[in-house]
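Please open the model in your viewer and keep the selection tool at hand, since this tour moves from one selection to the next.

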Amino acid sequence: MNNKADFNPDNLIQVEDLSEPLTYSAEAFTSREYAREEGDKIWAKVWQHAGRVEEIPEVGNFITYDVLDDSIIIVRDTPDTLKAFYNVCSHRGRQLVDKPEGGHSACGKKQNFVCGYHGWTYNLEGKCTRILDKDDWKGALNDARTHLNEIKVDTWGGWVWINMDPDCVPLREYLEPAAGLLDQFEFEEMRYHWRQWIVFDCNWKTALEAFMEPYHVEGTHPQLCVYGDFYAWSKAQGLHGHDGFDSKDPNDTSAATTIVTRAGKGPDARKTIAQMQQDFWETIRGSTTPTLVNAAQRLVDELPEDTPPEEVHEHWYESAKRDDAARGVIWPTIDPEKLAKAGLAWHIFPNMSFIPGLTFALGYRARPYGDDPNKCIFEAYALERYPKGEEPKTEWVYAEPTEEKWRKVLAQDFSNMAAVQKGMRSRGFRGALPNPHQEQKITNFHRNLARFMSRGSPQLLDK
Ligand SMILES: [Fe+2]
């Protein structure tokens with residue numbers, strides 16, 4: 001295993017190597033030194049999603065986003081523009097906006113940010129507009145010196161993204177090729193259905209990786225295997241990666257046709273889709289919508305028993321699309337080929353994971369917890385398309401990792417978090433053995449982590 005001392009960029013595996021048997025050490029998950037270095041080498045360099053545009057709809061609306069020692073204020077300064085600043089008063093460094101004790105983040109609406117220490121005041125553009133006894137500085141306090149320290153902010157898919165690196169590439173360039181494959185879903189038209197967060201006893205990567213491959217479904221969510229096989233392809237897409245349903249039988253093309261709302265297995269697709277949809281709604285409350293669930297329940301009445309799965313699926317989608325149109329929710333037009341290409345779930349480097357759908361998405365974010373490699377802040381949220389004016393009002397809810405609070409499927413995923421972290425810390429752990437076909441998203445994640453961290457590249461296993 002390579003370590004920092006002997007890291008040579010030539011040691012970095014190539015994308016083509018991701019389909020080979022590989023291994024990587026637990027250092028990225030367990031080392032405090034590595035966790036500390038992530039601050040400068042990763043978090044200060046990458047675009048990261050800090051919230052949703054819907055959280056700051058009006059001029060003066062702001063949210064804060066914290067990562068390691070940095071807190072960022074994102075504010076709507078005009079109806080069409082956002083600004084992002086370090087949450088720091090220029091005077092003596094007091095945090096400008098306080099996060100409520102034990103809360104997720106700060107949010108609200110202000111026309112000015114006033115420092116609680118000496119009253120220095122900043123407008124929405126970050127300009128310092130009031131300094132008590134300014135003349136005492138004998139003219140040295142110019143705008144550049146007192147302006148809030150501004151960072152890059154942009155939007156894509158209805159998410160607000162920030163980057164602390166003044167020399168970073170534009171957001172769009174950073175997100176490609178993911179953005180190009182995913183624009184069609186129009187995530188910007190979706191709104192939060194629910195959003196919850198929790199602190200886990202595991203590294204942020206441990207938590208995120210629990211949602212980066214369906215290879216775990218048989219072991220973690222055996223009840224879902226009634227509806228389909230969860231064999232998957234998994235691919236690097238530059239910094240990012242995605243996966244989708246696959247089949248071990250080269251003649252079977254049915255599994256590859258759709259995203260998370262595929263027809264599934266079983267002799268009667270009408271029933272499988274109806275049961276699967278009901279189950280997803282009850283045990284995830286995401287990855288589908290009430291419209292899709294209801295349209296699925298009607299399939300047995302609307303179609304003959306021997307309808308081929310592809311036709312059942314098409315009929316289901318068409319009737320759900322009509323139902324949604326009737327209540328003012330217009331689906332995007334999507335080319336089925338593009339839809340199959342988008343796949344089941346995406347990882348956007350470094351810390352975003354989500355399952356896309358035409359009228360919904362299920363998203364995850366994990367962030368470090370100080371420099372403790374064994375803890376993280378984890379968030380999950382469901383997005384949905386709503387008729388205008390019927391979007392629910394949501395806020396971040398802290399929720400203990402129980403089935404009651406998170407429903408069955410996520411609670412099952414959560415049951416692995418601390419146990420994986422514990423196992424990886426054992427001197428008995430020889431390093432990971434990721435699946436070369438189904439877990440390339442994860443090995444690509446570690447390939448890219450190694451590029452940023454200058455160490456820890458996955459290595460080819462001897463055969
Ligand atoms: Fe899972």
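**Two helices and a metal site**

Helices H8 and H13 are oblique to each other, a word used for angles left over once those under 35 degrees (roughly parallel), over 145 (roughly antiparallel) and 65 to 115 (roughly perpendicular) are set aside. This is a predicted model, in which local features need pLDDT of at least 70 and side-chain atom pairs count only at pLDDT 80 or more, while totals for chains, interfaces and linings use all residues. Residues are numbered from 1 along each chain as its sequence is written, and side-chain values use heavy atoms, with hydrogens and water left out.

Select residues 269–283 for H8 and 403–425 for H13, whose axes come within 8 Å and cross at roughly 125°. Next, pick out Trp-281, Glu-282 and Thr-283 of H8 together with Arg-407, Lys-408 and Val-409 of H13, which make the contact (heavy atoms within 4.5 Å).

Now select the iron ion, which is coordinated by His-216 (NE2), His-221 (NE2) and, through two OD entries, Asp-413, at 2.0 to 2.7 Å; donors are N, O and S atoms within 2.8 Å of the metal (3.2 Å for Na, K and Ca). Along the sequence, these donor residues follow the spacing H-x4-H-x191-D. His-221 lies in the loop between helix H7 (217–220) and strand S13 (232–237), whereas Asp-413 belongs to helix H13, 192 residues apart.

Finally, show the surface around these two residues: His-221 counts as buried because its relative accessibility is 3%, where buried means under 20% relative accessible area, exposed over 50% and partly exposed in between (1.4 Å probe, protein chains only). Asp-413 is also buried, with a relative accessible area of 3%.

Terms used: Axes fitted to C-alpha atoms, helices over the stretch in contact; angles between N-to-C directions. Helix = DSSP H or I, 4+ residues; strand = E, 2+ residues; numbered from the N terminus.
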